[in-house]
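Work through these exercises on charged side chains with the model open. Each task is followed by its solution.

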Amino acid sequence: MYEGLIVRISGFMRKIHLIVIHCSATRADKELTAFDLDTMHRRRGFNGIGYHFYIRKNGAVTQHRKLLEVGAHARGFNRCSIGICHEGGLDEYGNPADTRTPIQKAALLELLYKLYKLFPQALIVGHGELPGVKKDCPCFSCDGYRYRFH
């Protein structure tokens, strides 16, 4: 279907086929710091935050896994993907909604551009678009990003 870029360092190799976008499923009127996210993921048995990148409402982007490190964000697809999570995804009542701030949108676009330069064949998808996933995550359509980069 699509070929991913082969990434090699010290004999390690993995193909990146997907860039998977997630939301933190946090209400719009609440905050979820990287520390909070790390705590949540450790409680689920992960070795820290499962995403490669986290984008806060203020547009701050933090990296939590190296690009060659397998993430823990999309069961069955972790070995061939990079995971990005944005803070938010629920309205103030807890319903799925695109709660991204303008600066978050700009930060995501910039990050996707940088990742596209590294992995030009990787398909950009929302977590909920993956087979077997029954979630609204990331609570917005990723079609525009696919059209922009592919």
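**Exercise 1.** In this predicted model, decide whether arginine 146 is buried or exposed, then find its salt-bridge partner.

*Solution.*
- Step 1. Arginine 146 has 15% relative accessibility. The cut-off for buried is under 20%, so arginine 146 counts as buried.
- Step 2. The partner is aspartate 143, with the closest N and O atoms 2.3 Å apart.
- Step 3. Aspartate 143 is partly exposed, at 32% relative accessibility.
- Step 4. Both residues belong to helix α3 (residues 143-149). They sit three residues apart, so about one helical turn separates them.

**Exercise 2.** Which residues are linked with Arg56 in a network of salt bridges?

*Solution.*
- Step 1. Take glutamate 31: its side chain meets that of arginine 56 at 3.2 Å, N to O. Glutamate 31 is in the loop between β4 (26-27) and α1 (34-43), while arginine 56 is in the loop between β5 (53-55) and β6 (61-63). The pair therefore ties together parts 25 residues apart in sequence.
- Step 2. Take glutamate 87: a salt bridge joins its side chain to arginine 56 at 2.8 Å, N to O. Glutamate 87 lies in the loop between β7 (81-86) and β8 (89-90), so this pair ties together parts 31 residues apart in sequence.
- Step 3. Combine: Glu31, Arg56 and Glu87 form the network.

**Exercise 3.** Classify glutamate 31, arginine 56 and glutamate 87 by relative accessibility.

*Solution.*
- Step 1. Glutamate 31, at 58%, is exposed.
- Step 2. Arginine 56, at 17%, is buried.
- Step 3. Glutamate 87, at 1%, is buried.

**Exercise 4.** How many salt bridges does the model contain?

*Solution.* The count is eight.

Definitions and conventions: Residues are numbered from 1 along each chain as its sequence is written. This is a predicted model: local features need pLDDT of at least 70, side-chain atom pairs count only at pLDDT 80 or more; totals for chains, interfaces and linings use all residues. Side-chain values use heavy atoms; hydrogens and water are left out. A salt bridge is a side-chain nitrogen of Lys or Arg within 4 Å of a carboxyl oxygen of Asp or Glu. Helices (H or I, at least four residues) and strands (E, at least two) are DSSP runs, numbered from the N terminus. Buried means under 20% relative accessible area, exposed over 50%, partly exposed in between (1.4 Å probe, protein chains only).
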